[in-house]
Amino acid sequence: MKTPASTELLEALLTGAAPIFHPNTGEKIPDDGELSIQLSPSARAGLEAPRYCPICGRRIVVQVRPDGWDAVCSRHGSVDSKYLDR
Ligand SMILES: [Zn+2]
């Protein structure tokens, strides 16, 4: 599989940008932000890999390793939990 060149997903997670789609459910988050994002405690702590791309809502490919995880959106690139400073 070709590694996507985009770093958008990594940047979004690093900067803590507000997700457009819920990383656990893939649900679109309204623009008004009225829907509070409810992440599981482990997801909030960055321990749990996202299931959906927070930018486009596509299902992302996640590989969980003993020391963390990496996740790849076909559009927005890959992110490795080691970059999230955990
Ligand atoms: Zn994406």
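Is G68 buried, partly exposed or exposed, and why? In this predicted model, G68 counts as partly exposed because 16 C-beta neighbours lie inside 10 Å, a number that falls short of the 20 or more required of a buried residue. The views below begin with the whole chain and return to G68 in its strand.

**View 1. Overview of the protein chain, with its two helices and three strands.** Followed along the sequence, the elements appear in the pattern α-α-β-β-β. The chain has 86 residues, of which buried residues make up 21%. Of the contacts in the protein chain that join residues at least 6 apart in sequence, 47% are between residues at least 24 apart.

**View 2. The surroundings of G68 in strand β2, which comprises residues 68-73.** Once neighbours within four places in sequence are set aside, the contacts of G68 are with D80, S81 and K82. For one of these, S81, the C-alpha atom is separated from that of G68 by 5.6 Å, although the two residues are 13 residues apart along the chain. The partly exposed state of G68 rests on its 16 C-beta neighbours inside 10 Å.

**View 3. The hairpin formed by β2 and β3, with three residues between the two strands.** Strand β3 covers residues 77-80, and its pairing with β2 is antiparallel and extends over four bridges. Within this arrangement D70 is placed opposite D80 of β3, while V72 is placed opposite S78, likewise in β3.

**View 4. The open sheet of three strands, in the order β1-β2-β3.** The pairing in this sheet is antiparallel. Because β1 (61-65) and β3 stand at the edges and each has a single partner strand, one side of each is left without a neighbour in the sheet. On average, and with direction ignored, neighbouring strands of the sheet are turned by 10 degrees against each other.

**View 5. Helix α1, residues 8-15, lying across β2 and β3.** The helix runs at about 45 degrees to β3. Its buried residues are L9, A12 and L13, and, seen down the axis of α1, these fall within an arc of 95 degrees, so they line one face of the helix. In general, an α-helix has 3.6 residues a turn, so residues three or four places apart point the same way. Both β2 and β3 are included in what covers the buried residues of α1. Just after the helix, G16 adopts a positive phi of about 65 degrees.

**View 6. The largest nonpolar core, a group of 11 residues.** Its members are L9, A12, L13, A49, Y52, C53, I55, I60, A71, C73 and V79. Two or more residues of this core are given by each of α1 and β2, and α1 gives the most, with three residues.

**View 7. The contacts of L9, a buried residue of α1 and a member of the largest nonpolar core.** Not counting residues up to four places away in sequence, L9 touches C53, I55, C73, H76, G77, S78 and V79. Several of these partners recur in other views: C53, I55, C73 and V79 are listed with L9 in the largest nonpolar core, and S78 is the residue of β3 that stands opposite V72.

Key:
Residues numbered from 1 in each chain as written. Predicted model: local features only at pLDDT ≥ 70, side-chain atom pairs only at ≥ 80, totals over all residues. Buried ≥ 20, exposed ≤ 12 C-beta atoms within 10 Å, placed from the backbone. Contact = placed C-beta atoms within 7 Å. Pairing = 2+ DSSP bridges. Axes fitted to C-alpha atoms, helices over the stretch in contact; angles between N-to-C directions. Arc of directions from axis to C-beta. Core = buried A, V, L, I, M, F, W, Y, C linked by C-beta atoms within 7 Å.
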